[in-house]
Structure formats: C-alpha cells, structure tokens
Amino acid sequence: MNYVSTRGNGGVTTAAGAIKQGLASDGGLFMPEKLPELDEKLMKKLSEMDYPERAATVLSMFLDDYTYEELLSDCREAYGESRFPGGAAPCSAVGKRMRILELWHGPTAAFKDMALQIMPRLFVRALKKTGEKRTALILVATSGDTGKAALEGYKDVEGVKIAVYYPVNGVSRVQQLQMVTQEGNNVAVYAVKGNFDDAQTGVKKIFSDRSQIKEADEKGYFFSSANSINWGRLAPQIVYYISAYCDLVAKGDIEYGEKVDVCVPTGNFGNIFAAYIAKRMGLPVRKLVCASNKNNILTDFLSTGVYDRNRSFYTTMSPSMDILISSNLERLLYLVAGSKATAEYTKQLSETGRYQVEKEVFDKIKEDFEGYYCDEENTSQTVSSIYREYGYLSDTHSAVAINAALRFAEKVSDGTKIIVASTASPYKFASSVYEAITDKKAPEGPEALEALSELTGVEIPAPLSGLDKKKVRFTKVIEVGQMPETVRENTI
Ligand SMILES: *Cc1c(COP(=O)(O)O)cnc(C)c1O
C-alpha cells in the first residue's frame, strides 16, 4: 500500500517508510492512498478474536509490508495481560445510551499507550525493513500524556534515542512526575518555557531545519516523531473503535449493522480521526462528536468552517487537550478536500493563523462531525454528577466528552448508543477530580491520589502509585530557542 503526503508533494513511500519518517518531506502528514474496507464477514471474524488478534488483523490491512505474523507477535506483546491487565479496551455501559470505552489500562494510565506500546515495535521493524543504519532520535512535544507513553514505549529500545519536551506549566503534577522520573538509558526530558504549541512548533522546526538534519546525519542520526502525526500512532487507534463495536454486538447490546455515535475528547484530532477512518472503512458509525475543552477552536471550526488560531490559549484541568493547532485535522482536510486544497489551507494557517474551507468541503465535514465544548465549570460538574448518578469515576478529559455526549444525546433523542472514548485514568488528574467531587481543595501532588482513593474506594492504578518515591532524573528548564541545542546534546 502506498503512502502519500496530505500536501501532495512528498513522494510515495511504504508503510514502513511512513512510520520511519514520521512527517512527509513537504511538511505534510502521511496517508494511505486508499482505505481498506470492512465487511460483515470480516467483522464476524474479528468478533471471535481477542484484542491482539483484532489489532494485528486491522493493522495488516494498512501495513501490508509487515507480515501478519510480525504484527501478531508485536500486538501480543503490546496488548497482552502484562501491559494491559484485564484487557486492552473494555467498553461498559453508563446509563441507557453511553458506552464508555476505557483506553487507559496500559502502563502510563492514558490512552496514548494504545498506540505507543505498539508503535516502537513497528518502528524498529521499519528501520530494518528500510535498511536504516543510523540511530533514530525521536523528538516528542507533549501536552502531558504522549511524553510519558512515548518514553515508556521507547525506553532502552535498540537503535533509538528519545527526547521529550513538555510545557513547563502546562502538565499536571502527576504527569510531570511520571516523566521526570523516567528510567532508561536512551531517554531525555526537558521542560520548555511556553505552551504545548510552542513546544510542538519547536520540534517541527527541527524536523525541517536542513542544516540540523545534515549535522545529525553526519553524526549517524536522523530525526523521527512519536507524535500523533506519525501514521504508526494513528493506525493502532483505529482498532479499538472496531473492537468496541464487536464487543457491543457480542454482548447483544446492539445488532450487527446498527449505527452508533462516537464521542471523543479531542486535542490534536488524532483519536477522533481514527474513529473517522473506521467509519470510512465501513464501521456503522453515524456521527462523530468532537468534544473540546475551553480551547474550543475545533468547535468553532465545526460550526463555521473557519479555523482561526488567533485567539487566547487557556490552561485547563484537561491539559492534554490544551491545543490550538490540531495537527491531524490536516488528514481530514486531505480526505475531504484533496491535497491541493490542504496544501493551501496549511500555508494560510502558517502565514496568517487562519483558513476557511469552501462550502462543499464544510458540508461534507458536517455530514460526519459535530463539535461541542465544555468549559472548566461544566467539566467539574460533569465529573461530579457522573460520579453521583452512576458511581462512575471519570477523569477531566473524559468528562469533557461525557458532557458533550449527554448534550448530543439530548438533542438527538432517538436512543442510539454513543461510544464515549475515555482517555485517562481519573488518578492521572487526581487533584481536579477530587476537587470536583468534594468541592474542597485537594492535597498537593501524589497525596491527592490517596485522598481520592479513600474517598471513592476505587483503586489507584499500579503505574501511578509510589511516584513520589521515585528518583527525579530530569530537571532542565529551557527556552524554546534552546531546543536545537538539546538535540546536539543527544546526538553525540
Ligand atoms: C492526548 C489526549 C487527548 C487528545 O487526543 P488527540 O488524539 O490529541 O485528539 C485526550 N485526552 C487525553 C487524556 C489525552 O492524553
């Protein structure tokens, strides 16, 4: 299967090539030239499989230069009991219509593990398949969860080094502790003075800086990404929507062919885009509900067709969604409007911070998507009300989606089931969750986890307990302008 750039000028490569490279040479994102199809026969087969088999089967439709055996072996390791105790992506009923798809039972307690446990394995195979001799330096800008999940996925992987950049005041205490205590001999972590977009722009700059690429190459290195712009991140996310559908059918909760809605707490637009791909492949999905926090640029885009980043940036209690440039939206634009238009939109975005899609493009997007946003107060209230009404303990990101799903269900009151992606353990954002439920100030740092556990009786996930007792290894705080220097530090 050929992979091409969303901007139309990045040549053609294989899946392994796309995963190795991360970003296309014209600055666009890689996309498969054609989307594979799901039919009823295949869905029946998938229903009878366990999660690793489902993942290998779906991935093999996209990554046709990997053998099924390779993929199955990688998926068994990535999604097995040792990394996802109790199953990779359980889906449970909360109320009549909501089906909450919990994607955070992996090693770092956020949904990023769903992709970042498998992606390093795909990446190492990609290096072999493409005959790469150099060491990869993976550069990651993170709004909190990607950083830790990538560090955990790539630690001590041969032929790879990883440097993570997080906004100094833009992540939760637990997220920060998870990163600065990371173990492994090939890892580095930096706090950047700025917000997530500053860190992401810094990384993108390094990726396109010819002199820096050349310098690294001479030292035997090349740059790659683990951000959700990499196809190796995106493809594994398609799997769990298909898997959840299979599970609902198997439970008799829906009948095969019955449409469901899907609601996703959205930042970089990767997770919801994976759901869109599943829909395009033939999964019976009606609407994709895009849930944003106070940084509601996508809500505005989905109601006006104008994407305008010239606006205030807010730091919220759902920091992994504090984003003004949702990179994966470019993939949607490509599928709906084509590469020429996409190149033009992205050019306008980088020059003026704004673009407007044509009416036909907007209408097409609106057929599939609907945007909602939830401010801080409503996020808190949702955490609290969903706990009081259903005994369900939700993190702040998932609460943004639950809030959107409830409002959507009220508007479209036909009883259609709505799969809500739950993207983090409540304990990852324990202080905010505690404060939402009790209306009292939470204890500082990791003590909030214990307080929340005492209050609710819900167990703290193993990867999050004892964080405060781990050794802090990374304390550097840098300016955005110093990011190139840190690359030099890591390529010697
Ligand atoms: C990354 C993340 C999101 C946003 O996902 P995107 O794919 O970037 O849209 C939402 N919630 C949590 C907890 C996350 O870590």
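User: A pocket here is an open set of grid points with protein on both sides within 12 Å along at least five of seven lines. How much space lies in the largest pocket?

Analyst: The model is a predicted one. The lining of the largest pocket has 37 residues, and those nearest its centre are Leu 23, Gly 27, Lys 204, Phe 207 and Ser 208. The space in this pocket is about 1,100 Å³.

User: Which element gives the largest share of the lining of the largest pocket?

Analyst: At least two lining residues come from each of α1 (15-21), α9 (196-208), α10 (210-218), β9 (221-225), α14 and α15 (339-352). By class, the lining divides into 15 nonpolar, 11 polar and 11 charged residues. The largest share, 7 residues, belongs to α9.

User: How many of the residues of helix α14 are buried?

Analyst: Helix α14 spans residues 329-337, and a residue is buried if its relative accessible area is under 20%. Leu 329, Glu 330, Arg 331, Leu 332, Leu 333, Tyr 334, Leu 335 and Val 336 meet that cut-off. The helix is therefore largely enclosed by the rest of the structure, the buried count being 8 of the 9 residues.

User: Which residue follows α14, and what is the sign of its phi?

Analyst: Helix α14 ends at residue 337. The residue after the helix has a phi near 90°. It is Gly 338, and the sign of its phi is positive.

User: What is the volume of the second largest pocket?

Analyst: This pocket has 23 lining residues, with Val 171, Ser 172, Arg 173, Ser 431 and Ser 432 nearest the centre. Helices α8 (173-180) and α19 (430-438) each give at least two of the lining residues, and α19 has the largest share with 4. The classes are 9 nonpolar, 9 polar and 5 charged. The volume is about 450 Å³.

User: How much space lies in the largest cavity?

Analyst: A cavity differs from a pocket in that the probe fits but cannot get out, and there are 3 cavities of 30 Å³ or more. The largest has 26 lining residues, with Phe 111, Lys 112, Gly 267, Asn 268 and Ser 320 nearest its centre. Elements giving two or more residues to that lining are α7 (145-154), α11 (231-250) and α12 (270-281). The space in the largest cavity is about 270 Å³.

User: How many charged residues does the lining of the second largest cavity have?

Analyst: The second largest cavity has a volume of about 40 Å³. Its lining includes Thr 266, Gly 267, Ser 292 and Asn 293. The lining has 4 nonpolar and 6 polar residues, and the number of charged residues is none.

User: Which residues touch the most other members of the largest nonpolar core?

Analyst: The largest core has 117 residues, and α11 gives the most to it, with 12. Beyond its neighbours within four places in sequence, Leu 63 is in contact with Tyr 3, Ala 15, Ile 19, Leu 71, Leu 122 and Trp 231. The residues that touch the most other members are Leu 63 and Tyr 241.

User: Which residue in the turn between β4 and β5 has a positive phi?

Analyst: Strands β4 (residues 91-94) and β5 (residues 98-102) pair in the antiparallel sense over 4 bridges, and Val 94 has Met 98 as its bridge partner. The two strands form a hairpin with 3 residues between them. The turn residue with a positive phi, about 80°, is Gly 95.

Technical notes
Residues numbered from 1 in each chain as written. Predicted model: local features only at pLDDT ≥ 70, side-chain atom pairs only at ≥ 80, totals over all residues. Heavy atoms only, no water. 1 Å grid on protein atoms, 1.4 Å probe; cavity = no way out; pocket = protein on both sides within 12 Å on 5 of 7 lines; lining within 4 Å. Points joined across faces, edges and corners; volume = space filled by probe spheres on them. Nonpolar A, V, L, I, M, F, W, Y, C, P; charged D, E, K, R; others polar. Pairing = 2+ DSSP bridges. Buried < 20%, exposed > 50% of the residue type's maximum accessible area, 1.4 Å probe, protein only. Core = buried A, V, L, I, M, F, W, Y, C linked by side-chain atoms within 4.5 Å. Contact = heavy atoms within 4.5 Å.
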